[in-house]
Protein chains: 2
Amino acid sequence: MGDGQTRDVAARLHSASIRLLRTLRREDDGSGLSAPRLSALSWIVAEGPVSLADLAAAEQVRPPTMSRIVDALVERGLVSRVAAPRDRRSVRIMATEDGAKLMAGGGERRVRALVGRLHKLADSERRALARGVEILERVAR
Amino acid sequence: MGDGQTRDVAARLHSASIRLLRTLRREDDGSGLSAPRLSALSWIVAEGPVSLADLAAAEQVRPPTMSRIVDALVERGLVSRVAAPRDRRSVRIMATEDGAKLMAGGGERRVRALVGRLHKLADSERRALARGVEILERVAR
DNA sequence: GCACAATCATTAGCTTTGCTAAGCGGGGAT
DNA sequence: ATCCCCGCTTAGCAAAGCTAATGATTGTGC
């Protein structure tokens, strides 16, 4: 693949990502959670009790930023902060029942909206997109 | 492809997009322009004089948001605001020489950074990603 | 022709997200 | 016991997004 083509893919990937997120942003009202909060909650539910530093790293954000996001999730009762028994400086962040239920119940309206869009694709396209997403995950890391 | 798999692709696409943009955000420092500003400038340079409403629509943002972004571009001398001769409520936003030069000079550092990442992929992966991006563009519209 | 409505942009004010710098308390090493 | 490091939080700043309200101009209806 030539350099020109690679640049083209990069530019299009960039703006497609921006548009995708801007489009989906409007569909949030259901859960009342913004993108970063949903993304963090999703990680917490999936990866069980996790420290703040690890969570921040996973979400590619600085600890103070994540601390505030966790504040918001705690306030909504979706997540709990417990001092780690071993090292009391550290914190174990885990989902509450409500938090787990929200994610399990497909509560993510953004994702549901996205699923709706994906359903309109042909099966082969969906498969190709799935493969692209795998690669994208590596690129984004 | 089952519904569960489709949902998985949707969720992963969502968070991969978030991470991609967060990662690229840090690479902006060269031009000193943030993503929304670069994106707006890029549109202005490409699409010539444009009204604020049109620009906001193109960038999928509300007019007040775009007005502030244009403020910043004007302040940096990259763009100029002129009252439209026909309808004096309206405004013609156009790139200055500096603004055009910045974009022409490969100014989009974010895209360049992304190109760098794509270069690390195997050729087959790059092709698969290109195919995924095509599909993504349809989904994001 | 004049009053009223519609339109384009901006201003004001709020929220969220991101950052860095600085502070606080708990652990570990010498 | 002291000193330093580490994990997290707090404080404070900038940017991006929104809605609501304001100003200025244009178009309409009578």
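## Fold of chain A

What pattern does chain A follow when read along the sequence? The order is α-α-α-α-β-β-α-α-α, and the chain has seven helices and two strands. Keep in mind while looking around that this is a predicted model.

Along its principal axes, the C-alpha atoms of chain A fill a box of roughly 55 × 30 × 25 Å. Of the 141 residues in chain A, 30% are buried. As for how the chain folds back on itself, take the contacts with a separation of 6 or more: 49% of them in chain A join residues 24 or more positions apart.

## How the two copies meet

Chains A and B touch through 43 residues of chain A and 43 residues of chain B. On the chain A side, helix H1 (3–25), helix H2 (35–47), helix H6 (109–119) and helix H7 (123–139) each bring at least two residues. H1(A) supplies the largest share of that side, 16 residues. Sorted by class, the chain A side that touches chain B has 23 nonpolar, eight polar and 12 charged residues.

Now for the symmetry. A turn of 180 degrees plus a shift of 0.9 Å along the axis lays chain A on chain B with an RMSD of 1.2 Å. The two copies are thus related as by a two-fold rotation axis. The interface residues tell a matching story: 98% of those in chain A are also interface residues in chain B, so the copies meet through the same surface.

## Around DNA strand D

Which residues come nearest to DNA strand D? There are 22 residues around this strand, and the nearest are Ala53(A), Pro64(A), Ser67(A), Ser34(B) and Arg62(B), so both chains turn up in that short list. Two or more residues each come from helix H3 (52–58) and helix H4 (63–75) of chain A, and from helix H2 (35–47) and helix H4 (63–75) of chain B.

H4(B) gives the largest share of the surface near DNA strand D, four residues. By class, that surface has 10 nonpolar, five polar and seven charged residues.

## Around DNA strand C

Over at DNA strand C, 25 residues surround the strand. The closest are Ser34(A), Arg62(A), Ser51(B), Ala53(B) and Pro64(B). The elements that supply at least two residues each to the surface near DNA strand C are H2 and H4 of chain A, along with helix H3 (52–58) and H4 of chain B.

Which helix gives the most to the surface near DNA strand C? That is H4(A), with five residues. The class split for the surface near DNA strand C is 11 nonpolar, five polar and nine charged residues.

## A helix crossing in chain B

One helix pair in chain B is worth a look. The axes of H2(B) and helix H5 (residues 97–104) of chain B come within 10 Å and cross at roughly 105 degrees. An angle of 65 to 115 degrees counts as roughly perpendicular, and H2(B) and H5(B) are therefore roughly perpendicular to each other.

At the crossing, H2(B) brings Leu41(B), Ser42(B) and Val45(B), which meet Gly99(B), Ala100(B) and Met103(B) of H5(B). The contact of H2(B) with H5(B) has four nonpolar and two polar residues, and no charged ones.

How values were computed
Residues numbered from 1 in each chain as written. Chains lettered and ligands numbered in written order. Predicted model: local features only at pLDDT ≥ 70, side-chain atom pairs only at ≥ 80, totals over all residues. Contact = placed C-beta atoms within 7 Å. Nonpolar A, V, L, I, M, F, W, Y, C, P; charged D, E, K, R; others polar. Near = placed C-beta within 6 Å. Least-squares fit on C-alpha atoms with pLDDT ≥ 70 in both. Buried ≥ 20, exposed ≤ 12 C-beta atoms within 10 Å, placed from the backbone. Axes fitted to C-alpha atoms, helices over the stretch in contact; angles between N-to-C directions. Parallel < 35°, antiparallel > 145°, perpendicular 65-115°, else oblique.
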